[in-house]
Amino acid sequence: MSAALAAQGYRWQPPPALAQPGRAELFPSHLAPSWADPLLASLSHSRGGVHTVRWSIGARHIHAVPVGVPPSAQRVLSAVWAGPRPFHVPIEEVAKALAGAGVDARGLAFVVSASPSDADPLHQALGRLGVEPRQIGSDARRATRKRAPLAGGPRLSIEFPVGPPCSGTCGPGCRCGRYLVLARMRFSAASQVRSVLEVAVLESELLSAVDDTREPFAVRRFTRLVENVQEVLPAQGTRTAQAQRVRVLVDRSFTAALLIGSGFAPGPRGRAHVVRRLLRHAGTELALTGVSLTRLDTLVEAADRTVRTKLGFTPLSHHLLDTVREERERFARVLSRAPMLLERAMARRHHPAERARVLLQLRGDHGIPLGIATAWCRENDIAISLRHVARLDRR
């Protein structure tokens, strides 16, 4: 995809390091203004395209990974072009680049996300490219987060259908999950100091479209890692529960490997705390199935060897792998103390809502995961209110 854009006149700009002093947000996101700023700086006084490939992580509060949710970390191709160009030109360039990456161009759909006054130029551009009306949809929803570089103007998403339609009216713009959003394009008025076009292509959706699957971890890139996880886990519970556990372990080990390789060791605050959460969430899944925590080291190393290094990153050093082992040993000590702390904390609490508050307090003060705590309560016939746990956790 990146090479295809370069062949059409876009210039390469190396992505910045993740660890930058003074960065306000935890990790770069293609939705944040700081994502496009480095690209715009080199275009301030010249025309031409520039592109870069970066990866981002969803640093939200991490719970389970349901079906269809992309990995917490993925690469995003950003591209901008300075100076005025007819709308149909960049749309055609991006569509050709997607086809060059392996997407069947005949299945592409185009969804206009703009006000009626902005939609007309995009419909005219798509008509000029020969796009049939059945391939065009609309989405009246507006972005809730404004962008500083391009805070307005027509927006267009290029999508691809996977699987059967949800109904007879299912088509471009339907949000049933059938249409994968491959590229998001935003246009602005021609200016000498701002770009006329911005493109963001999410790699996980692109790979899913190429492999014709809605499950992001079913793509060929994760095949070996999924097999490693399945070999580690015993066959327990329903098939759905087992598949959910596999997705969690694949996502957490892969994301942790990316972050550790970028210089973030597990720790108590900021980005380091995200790494700790990732590793401990994976460790919790192993502990709940009776698997030794030492397998956590194996999974992170497998994620590095089978996925991360395939993306062009240098393999994790022995020193970096040692940080995983040290965090795993710290977590093992937490789990060893958990039964004693839970028994002591629950001794005088009788109301389920009060017990829910205690579980959250133990997680905050001692790092005992909710999954481990609730499992202990079930084993000891202690009733708790999961509704109260979820309500207090959201607060």
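**View 1. Strand β4 pairs with strand β6.** In this predicted model, β4 and β6 run antiparallel and are joined over 4 bridges. Strand β6 spans residues 155–161. Look for Ala 109 in β4; Glu 159 of β6 stands opposite Ala 109.

**View 2. Strand β4 also pairs with strand β5.** Here the sense is parallel, over 3 bridges. Strand β5 covers residues 136–138. Phe 110 of β4 faces its partner across the pair: Ile 136 in β5 stands opposite.

**View 3. The two faces of β4 are covered.** Strand β4 takes in residues 109–112. On one side sit Ala 109 and Val 111, both buried. On the other side sit Phe 110 and Val 112, buried as well. In soluble globular proteins, nonpolar side chains tend to be buried together.

**View 4. The largest nonpolar core holds 42 residues.** Which residues have the most contacts inside this core? They are Ile 57, Phe 222, Leu 225, Val 250, Leu 259, Leu 279 and Leu 286. Several elements supply at least two residues each: β2 (48–57), α6 (223–232), α7, α8 (270–288), α9 (295–308) and α10 (318–346). Helix α7 provides the largest share, 10 residues.

**View 5. Leu 286 and its contacts.** Leu 286 is among the residues with the most contacts inside the largest core. Set aside its neighbours within four places in sequence. Leu 286 is then in contact with Val 232, Leu 233 and Leu 249. Its other contacts are Val 291, Ser 292, Arg 295, Leu 296 and Leu 299.

**View 6. Another core lies apart from the largest one.** This core has 35 residues. Among them are Val 94, Leu 126, Ile 136 and Ala 209. Ile 136 links this view to an earlier one: Ile 136 belongs to β5 and stands opposite Phe 110.

**View 7. The structure holds 1 cavity of 30 Å³ or more.** The volume of the largest cavity is about 120 Å³. Its lining is made up of 16 residues. Which of these are closest to the centre? Ala 73, Gln 74, Glu 203, Arg 221 and Phe 222 are. Phe 222 is also one of the residues with the most contacts inside the largest nonpolar core.

**View 8. Elements around the largest cavity.** Two or more lining residues come from each of β3 (73–82), α5 (203–211) and α7 (239–261). Helix α5 gives the most, with 4 residues. By class, the lining has 10 nonpolar, 3 polar and 3 charged residues.

Technical notes:
Residues are numbered from 1 along each chain as its sequence is written. This is a predicted model: local features need pLDDT of at least 70, side-chain atom pairs count only at pLDDT 80 or more; totals for chains, interfaces and linings use all residues. Side-chain values use heavy atoms; hydrogens and water are left out. On a 1 Å grid over the protein atoms alone, a cavity is a set of points where a 1.4 Å probe fits but cannot get out, and a pocket is an open set with protein on both sides within 12 Å along at least five of seven lines; lining residues have an atom within 4 Å of a point. Grid points are joined across faces, edges and corners, and a volume is the space filled by probe spheres set on the points. Ala, Val, Leu, Ile, Met, Phe, Trp, Tyr, Cys and Pro count as nonpolar, Asp, Glu, Lys and Arg as charged, and the others, Gly among them, as polar. Buried means under 20% relative accessible area, exposed over 50%, partly exposed in between (1.4 Å probe, protein chains only). Two strands pair if DSSP finds at least two bridges between them. A nonpolar core is a set of buried Ala, Val, Leu, Ile, Met, Phe, Trp, Tyr and Cys residues joined through side-chain atoms within 4.5 Å. Contact means heavy atoms within 4.5 Å.
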